[in-house]
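Trainee: I would like a close look at one part of this model, the charged side-chain contacts. Please take me through them pair by pair.

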Amino acid sequence: MEIRQYTEHDLEALLSSWESANRLADPFMTDGFIAQEKINVAELYLPNTDTWVVEVEGEVKGFIALMDKAKALHDDLEVEVFKENLIGRQFYAKYGFELLEEKFHEPTGQKLLRLKFTTNKFTQ
């Protein structure tokens with residue numbers, strides 16, 4: 001197993017991993033919404049984020065869910081997760097993320113939670 005920074009060569013494998021995870025955690029998402037979000041992940045999110053992948057026997061099996069790596073690189077992290085995504089919410093709670101905001105996600109009709117992790121809550 002190797003943890004390394006994402007490259008454009010990883011795009012298809014990363015999108016496949018992303019789609020599988022989303023279909024499991026957010027079964028309410030429509031095929032159309034997932035197709036559009038795959039475009040957004042590729043064109044908007046990945047070029048603007050510090051993404052890491054885990055590679056097993058030459059194949060990308062996951063990405064940025066390597067929370068320990070993300071926490072080691074950044075003092076503050078923010079994520080959004082659907083309220084009904086119990087898998088994601090439990091994962092982020094385990095790492096100490098706290099609720100910043102709850103809002104309505106128009107495209108899916110679901111509630112969306114914005115969460116934040118701060119390394120040192122006592123530093124201003």
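Mentor: What follows goes through the salt bridges and then turns to a nonpolar patch on the surface. The model is a predicted one. Under the distance rule used here, a side-chain nitrogen of Lys or Arg within 4 Å of a carboxyl oxygen of Asp or Glu, the count comes to eleven salt bridges.

Start with Arg 4 and Glu 55, whose side chains form a salt bridge with an N to O distance of 2.7 Å. This pair links distant parts of the chain: Arg 4 is in strand β1, Glu 55 is in strand β2 (residues 52-56), and 51 residues separate them. Both partners fall under the 20% cut-off for buried. Glu 55 has a relative accessible area of 17% and is therefore classed as buried. Arg 4, with a relative accessible area of 16%, is buried as well.

Next is the pair Lys 103 and Glu 80, with a salt bridge of 2.9 Å from N to O. Lys 103 belongs to strand β5 (residues 98-105) and Glu 80 to strand β4 (residues 76-82), so this contact ties together parts that are 23 residues apart in sequence. Partly exposed covers the range between the 20% limit for buried and the 50% limit for exposed. Lys 103 is partly exposed because its relative accessible area is 33%. Glu 80 also counts as partly exposed, at 43% relative accessibility.

A further salt bridge joins the side chains of Glu 102 and Lys 111, at 3.7 Å from N to O. At 37% relative accessibility, Glu 102 is put in the partly exposed class. Lys 111 is partly exposed too, with a value of 44%.

Salt bridges also occur as a network: Glu 19, Arg 23, Asp 31 and Lys 38 are linked in this way.

The remaining item is nonpolar. Met 1, Ile 3 and Val 56 make a nonpolar surface patch of about 320 Å². Residues need over 30% relative accessible area to be part of a patch. Met 1 has a relative accessibility of 79% and so counts as exposed. In the chain, Met 1 sits in the segment before β1 (2-5). Strand β1 also holds Arg 4, and strand β2 (residues 52-56) holds its partner Glu 55.

How values were computed:
Residues are numbered from 1 along each chain as its sequence is written. This is a predicted model: local features need pLDDT of at least 70, side-chain atom pairs count only at pLDDT 80 or more; totals for chains, interfaces and linings use all residues. Side-chain values use heavy atoms; hydrogens and water are left out. Patches are made of residues with over 30% relative accessible area and no salt bridge: like charges are joined within 9 Å, nonpolar side chains (Val, Leu, Ile, Met, Phe, Trp, Tyr) within 5 Å. Accessible areas come from the Shrake-Rupley method with a 1.4 Å probe; for residues, only the protein chains shown count as cover. Helices (H or I, at least four residues) and strands (E, at least two) are DSSP runs, numbered from the N terminus. Buried means under 20% relative accessible area, exposed over 50%, partly exposed in between (1.4 Å probe, protein chains only).
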